[in-house]
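Here are my notes on the model you sent round, set out as numbered points. Please read them with the structure open beside you.

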Amino acid sequence: MKKAKDRRMYERYQTLYLYLQGTEVEQIAHIIKTVKGYIKAYTTGGLPGLQMNH
């Protein structure tokens, strides 16, 4: 995974890694969705974009 130059490939490797470790598919989907949300929040708002808005 560390050698992945493309974010999509990294996510695919991460998905397979989690699957092979026995993580449930539903949990993997949640993890990947969460990671994508964090990346989007960071790219659009920088570090302040990661803060929770309660």
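1. What span should the 21 residues of α2 have at 1.5 Å a residue, and how far apart are its end C-alpha atoms? The expected span is 30 Å, and the end C-alpha atoms of α2 are 30 Å apart, which agrees. The expected span of a helix is taken as 1.5 Å times one less than its number of residues, and helices here are DSSP runs of H or I with at least four residues, numbered from the N terminus.

2. On the basis of these notes: this is a predicted model, in which local features need pLDDT of at least 70 and side-chain atom pairs count only at pLDDT 80 or more, while totals for chains, interfaces and linings use all residues. Residues are numbered from 1 along each chain as its sequence is written, and side-chain values use heavy atoms, with hydrogens and water left out.

3. Helix α1 covers residues 7-20, and for its 14 residues a rise of 1.5 Å a residue should give a span of 20 Å; the end C-alpha atoms are 20 Å apart, which agrees. Just after α1, Gly22 takes a positive phi of about 95°, and just after α2, Gly46 likewise has a positive phi, of about 65°.

4. Which residues of α1 are buried? They are Glu11, Gln14 and Leu18, where buried means under 20% relative accessible area, exposed means over 50%, and partly exposed is in between, with a 1.4 Å probe and protein chains only. These three cover an arc of only 60° around the axis, which puts them on the same side of α1; the arc is that of the directions from the helix axis to the C-beta atoms. An α-helix has 3.6 residues a turn, so residues three or four places apart point the same way. On the other side of α1, Arg12 and Leu20 are exposed, and what covers the buried residues of α1 includes α2, residues 25-45.

5. Leu18, in helix α1, has a relative accessibility of 15% and therefore counts as buried. Leaving aside neighbours within four places in sequence, Leu18 is in contact (heavy atoms within 4.5 Å) with Thr23, Ile28 and Ile31. For Leu18 and Ile31, 13 residues apart in sequence, the C-alpha to C-alpha distance is 9.7 Å.

6. Glu11 also lies in helix α1 and counts as buried because its relative accessibility is 8%. If residues up to four places away in sequence are not counted, Glu11 touches Ile32, Lys36 and Ile39.

7. How many salt bridges does the count come to? The count comes to one salt bridge, by a rule that asks for a side-chain nitrogen of Lys or Arg within 4 Å of a carboxyl oxygen of Asp or Glu. Lys36 forms a salt bridge with Glu11, and the closest N and O atoms are 3.9 Å apart. The pair links distant parts of the chain, since Lys36 is in helix α2 and Glu11 is in helix α1, 25 residues apart. Side chains of opposite charge can pair when their charged atoms come close. The two partners should be described separately for exposure: Lys36 is partly exposed, with a relative accessible area of 43%, whereas Glu11, at 8%, counts as buried.

8. A nonpolar patch on the surface is formed by Leu16, Tyr19, Leu20 and Val25, which together have about 460 Å² of accessible area. Such patches are made of residues with over 30% relative accessible area and no salt bridge, nonpolar side chains (Val, Leu, Ile, Met, Phe, Trp, Tyr) being joined within 5 Å and like charges within 9 Å; the areas come from the Shrake-Rupley method with a 1.4 Å probe. Helix α1 gives the most to this patch, with three residues. Leu16, in helix α1, is partly exposed, with a relative accessible area of 49%.

9. Some positions may help in orienting the view. Ala29 is found in helix α2 and counts as partly exposed at 48% relative accessibility; Ala29 and Thr15 are 14 residues apart in sequence and 8.4 Å apart in space, C-alpha to C-alpha. Thr44, also in helix α2, counts as exposed at 65% relative accessibility, and its C-alpha atom is separated by 22 Å from that of Met9, 35 residues away along the chain.

How values were computed. Helices (H or I, at least four residues) and strands (E, at least two) are DSSP runs, numbered from the N terminus.
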